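Trainee: Hi! Could you walk me through this one before group meeting?
Mentor: Happy to, let's get it on screen.

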Amino acid sequence: MSKYQLFYFPVRGRGQAIRYLFVDNGLDYEEIDVGGNWATEYKSKMPFGQVPVVKDGDLDVAQSNAIMRYLGRKHDMYPTDPVEALKVDMILDHSEDIRGPYVRMIYPNYEAGKDDFIKSLPEKFQYLENLLKNWGTDFISSKISFADYSLFDLLDDLVILAPGCIDDFPTVKAYYDRIASRPALQKFRESEEFKNMPVNGNGKQ
Ligand code: 0HH
């Protein structure tokens, strides 16, 4: 199998969950930094004029969540049981309901919007706490799925934004710690490459 290529800016952003999926599953990939010549060289070549894009041989895979689903299906990280797949889909959509407002706060409205955004989080965490507690599994499903990397990365961004914000939600906190302590992810997150990579493109976090 040829090496995957991840086209993205040198930030965590919407590329980070993809990186976690590659790293945690030992999948070979290379980063293509589109930052230098984005407008002149890369934008027009991307299916939607945006990144992340993963190249799998001749195939251009675009849209971050579609990329995650594609890799999940290819590498046995998307449950085949409809109810288990539903859990994974529900959590990914819930994550997106948080990530969207996060991005819309971080880029154009950080100073004015940060406090209100942080105040909106406990309600969102409580839903997550209830579901994860009720399902009672170590991951969203019985084994790790693509959505675990998406949820973990989102929680990580939120913990950076508001340290301690998940501490009142024991199931969510234990879940976050469990994913963070997976050996390949832990090693990757201790690397200089990871530590030096900004969370977002404008330096806000
Ligand atoms: N729905 C898409 C998805 O989920 C949204 C992708 C998207 O917004 O995949 N992509 C943005 C980049 S993410 C994009 O392609 C934000 C990262 C910003 C990094 C800035 C540069 C940092 C330099 C160090 N934007 C470019 C564009 O739309 O032209």
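Trainee: How far apart are the end C-alpha atoms of residues 2–79, and what are the helix and strand shares of the span?
Mentor: Those end C-alpha atoms lie 25 Å apart, and the span is 32% helix and 23% strand. Helices (H or I, at least four residues) and strands (E, at least two) are DSSP runs, numbered from the N terminus. Keep in mind that this is a predicted model: local features need pLDDT of at least 70, side-chain atom pairs count only at pLDDT 80 or more, and totals for chains, interfaces and linings use all residues. Residue numbers start from 1 along each chain as its sequence is written.

Trainee: And what does UniProt call residues 2–79?
Mentor: The unreviewed UniProt entry annotates them as "domain: GST N-terminal". The entry also lists "domain: GST C-terminal" for residues 81–199. UniProt positions follow the numbering used here, feature names are shortened, and annotations may be inferred rather than shown by experiment.

Trainee: What's the helix and strand content of 81–199?
Mentor: That span is 74% helix and 0% strand, with 34 Å between its end C-alpha atoms.

Trainee: Switching topic: which domains is the protein divided into?
Mentor: Domain 1 covers 4–75 and domain 2 covers 82–185; the bounds come from an automatic or database domain assignment. Taken over C-alpha atoms, their centres are 21 Å apart.

Trainee: How many residues does each domain put into the contact?
Mentor: Eleven from domain 1 and eleven from domain 2, where contact means C-beta atoms, placed from the backbone, within 7 Å.

Trainee: Which element gives the largest share on the domain 1 side?
Mentor: That's α1, with six residues. Both α1 (16–24) and α3 (64–74) supply at least two residues there.

Trainee: Okay, α4 and α5: how do they pack?
Mentor: Helix α4 (residues 82–106) and helix α5 (residues 110–119) pack at about 150°, with axes 8 Å apart. So α4 is roughly antiparallel to α5, a label for angles over 145 degrees. Axes are lines fitted to C-alpha atoms over the stretch in contact, and angles run from 0 to 180 degrees between N-to-C directions.

Trainee: Which residues make that contact?
Mentor: Pro101, Tyr102, Met105 and Ile106 come from α4, and Tyr110, Gly113, Lys114 and Phe117 from α5.

Trainee: Last one: what surrounds the ligand?
Mentor: 14 residues do, and the closest are Phe9, Gly13, Gln50, Ser64 and Gly201. A residue counts as near if its C-beta atom, placed from the backbone, lies within 6 Å.

Conventions: Contact = placed C-beta atoms within 7 Å. Parallel < 35°, antiparallel > 145°, perpendicular 65-115°, else oblique.
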